[in-house]
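Grab a coffee and work through these exercises with the model open beside you. Try each task before you read its solution.

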Amino acid sequence: MSRIFPPSSREPAQAAGGAAPALSQQLAEVAQALQAILAGQSGTQALAAVPQRLRPGVQALLFQVLRQLGRAQALRAELAPRTPPPRVNALLCTALALAWDESQAPYPPFTLVNQAVEAAKRGPAQRQAAFINACLRRFLRERDALVAKTDAQPQALWNHPQWWIARLQQDHPAHWQQILQANNRHAPMTLRVNRLQATPAQYQQLLAAQQMGATPVGESGLALAQPQPVQALPGFAQGQVSVQDAAAQMAAPLLLQGLDLTQPLRVLDACAAPGGKTAHLLEYAGASAGAGAPLQVTALEIDAERSGRIHETLARVGVKAQVVVADASRPDQWWQQASGGAQFDAILLDAPCTASGIVRRHPDVRWLRRDSDIAQLAAIQSRLLDTLWPLLRTGGRMLYCTCSVFKAEGDLQVKAFLARNTQARLLPSPGHLIPGNTAQTAAVPDNEPGDHDGFFYALLEKAP
Ligand SMILES: C[S@@+](CC[C@H](N)C(=O)[O-])C[C@H]1O[C@@H](n2cnc3c(N)ncnc32)[C@H](O)[C@@H]1O
């Protein structure tokens, strides 16, 4: 999903190159996208249906709505106790989410209400326009009392489903509030400098020459002071830099440090698309051992369409890997082809997960997931761990990671794996990285909350 550019003022978001679209039109599009998400579509799919010229403004508003949806749903239930039809519910929730907190509202609340009613009169909720008008006028009159009433509901207070809040309370008793607060904020745009082409300090100077401020993050990262379209970044098309969160940038150094990169190494990236970590592995190895470092990477991906993005990523940064479309849990279908049946020196398992750590950038995720997804995904992760482990040579390393904050997909998953694999040894590992808000954008040193995604890392070694 492309990055968002929230409306920073109370002016209507301008469509690229043209007059600003009417706010009522944008609200109608936001409500339609919200309705699709509440029916199970991803935010990316829902936004794809929005006309391109409206998309940046609609995306910014939609993301704000998704970050305030728990509150909006609670207010909607106060105003209309019987759930209205989906299109009415979506338009009401859109207006309420944007207007309930005047300090964060992108437009004055009465403007939002007027424009939402206008959208109702012109759209598929036309016949319910009077009802929508009545609800929203009452909301304007009784806003403080209604908001106070919904404060008692955790879903309204934290803007996450109740089960999600309960799960975080259980998994992270010391940090659950910080995680929930961080999830409702904007993520910084963090870059990974391609060390085959430049050092972070050199690239920071290139940015400064374009009046783009940035702060160093970790070994190769720079967090931009303001998000930018990637095309505006110097040398982006030539692969000088990639967009990658600070937590995700830890994977390549974690897996490769401690291995002798001057020797030929066979590496498996088992769940690779869109190829961010594959590219980083090759950049890191190349920069550490000099040009022509003999890292042979097999990038596996089950989804043929998504595998195309690995090719694009690798071509842009100028590195090469063997890309194979296959199910990592079925080595009988790809292992011979990929390595002639030889074991790997290192395996990166960036496993499919709930994505509960990246809700800052994908605010739809919390409303799409169900509690039962966690156990289902944990079973897939466990199967992948068990299937790939025999493909690792003795003395080799496997890095297991997920972009999740739930322990069932991290700490508990690895504990269970260690219990059933006596040959596996846990090396010093970051464990759960907690998204939070620090005063400055810091490196990702340990488990204290930091301005990065939620992530989990466990580095495993195969003992003789
Ligand atoms: C978390 S994403 C990987 C992100 C990637 N490592 C990166 O840094 O750009 C997980 C990927 O695993 C793929 N995947 C899921 N199950 C898989 C399987 N059984 N075998 C191979 N790939 C799988 C998904 O299609 C998805 O592209």
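**Exercise 1.** Leaving aside neighbours within four places in sequence, which residues is His-280 in contact with?

*Solution.* First, some ground rules: this is a predicted model, where local features need pLDDT of at least 70 and side-chain atom pairs count only at pLDDT 80 or more, while totals for chains, interfaces and linings use all residues. Residues are numbered from 1 along each chain as its sequence is written, and side-chain values use heavy atoms, with hydrogens and water left out.

Step 1: find the residue. His-280 sits in helix H13 (residues 276-289); helices (H or I, at least four residues) and strands (E, at least two) are DSSP runs, numbered from the N terminus.

Step 2: list the partners, taking contact as heavy atoms within 4.5 Å. His-280 touches Arg-192, Ser-220, Gln-244, Gln-249, Ala-252 and Pro-253.

Step 3: check the exposure. With a relative accessible area of 3%, His-280 is buried (buried means under 20% relative accessible area, exposed over 50%, partly exposed in between, using a 1.4 Å probe and protein chains only).

**Exercise 2.** Work out which strands pair with S5, and what Asp-269 is bridged to.

*Solution.* Step 1: look at the burial of S5. Strand S5 covers residues 265-269, and four of its five residues are buried, so the rest of the structure largely encloses it.

Step 2: find the pairing strands; two strands pair if DSSP finds at least two bridges between them. Strand S6 (residues 295-301) runs parallel to S5, with five bridges. Strand S8 (residues 344-350) is also parallel to S5, joined by three bridges.

Step 3: zoom in on Asp-269. Its bridge partner in S6 is Ala-299, and in S8 the partner of Asp-269 is Leu-348.

**Exercise 3.** Describe how domain 1 and domain 3 meet.

*Solution.* Step 1: get the bounds, which come from an automatic or database domain assignment. That assignment gives domain 1 (23-159), domain 2 (190-242) and domain 3 (248-462). The C-alpha centres of domain 1 and domain 3 are 38 Å apart.

Step 2: count the residues. On the domain 1 side, 14 residues are in contact with seven residues of domain 3.

Step 3: take the area. Buried area is the accessible area (1.4 Å probe) that two parts lose on being put together, summed over both. Between domain 1 and domain 3 the value is about 820 Å², and carbon and sulfur atoms give 63% of that. On the domain 1 side, the elements giving two or more residues are helix H2 (43-48), helix H3 (55-67) and helix H4 (69-79).

Step 4: look for polar links. The rule finds zero salt bridges across this interface (a salt bridge is a side-chain nitrogen of Lys or Arg within 4 Å of a carboxyl oxygen of Asp or Glu).

**Exercise 4.** How many salt bridges does the rule count, and which parts of the chain does the pair Glu-78 and Lys-149 link?

*Solution.* Step 1: the count comes to 17 salt bridges.

Step 2: take Glu-78 and Lys-149, whose closest N and O atoms are 3.3 Å apart. This pair links distant parts of the chain, with Glu-78 in helix H4 and Lys-149 in helix H7 (residues 129-150), 71 residues apart. Glu-78 is partly exposed at 21% relative accessibility, whereas Lys-149 is exposed at 52%.

Step 3: try Arg-167 and Asp-371, a salt bridge with closest N and O atoms 3.0 Å apart. Arg-167 lies in helix H9 (residues 162-171) and Asp-371 in helix H17 (residues 371-388), so the pair ties together parts 204 residues apart in sequence. Asp-371 is partly exposed, at 34%.

**Exercise 5.** Is Gln-211 buried or exposed, and is Ala-355 buried or exposed?

*Solution.* Step 1: start with Gln-211, in the loop between helix H11 (200-209) and strand S2 (214-217). Gln-211 has a positive phi of about 60 degrees although it is not a glycine, and it is exposed, with a relative accessible area of 70%.

Step 2: turn to Ala-355, in the loop between S8 and helix H16 (365-368). Phi of Ala-355 is near 65 degrees, a positive value in a residue other than glycine; Ala-355 is buried, at 11% relative accessible area.
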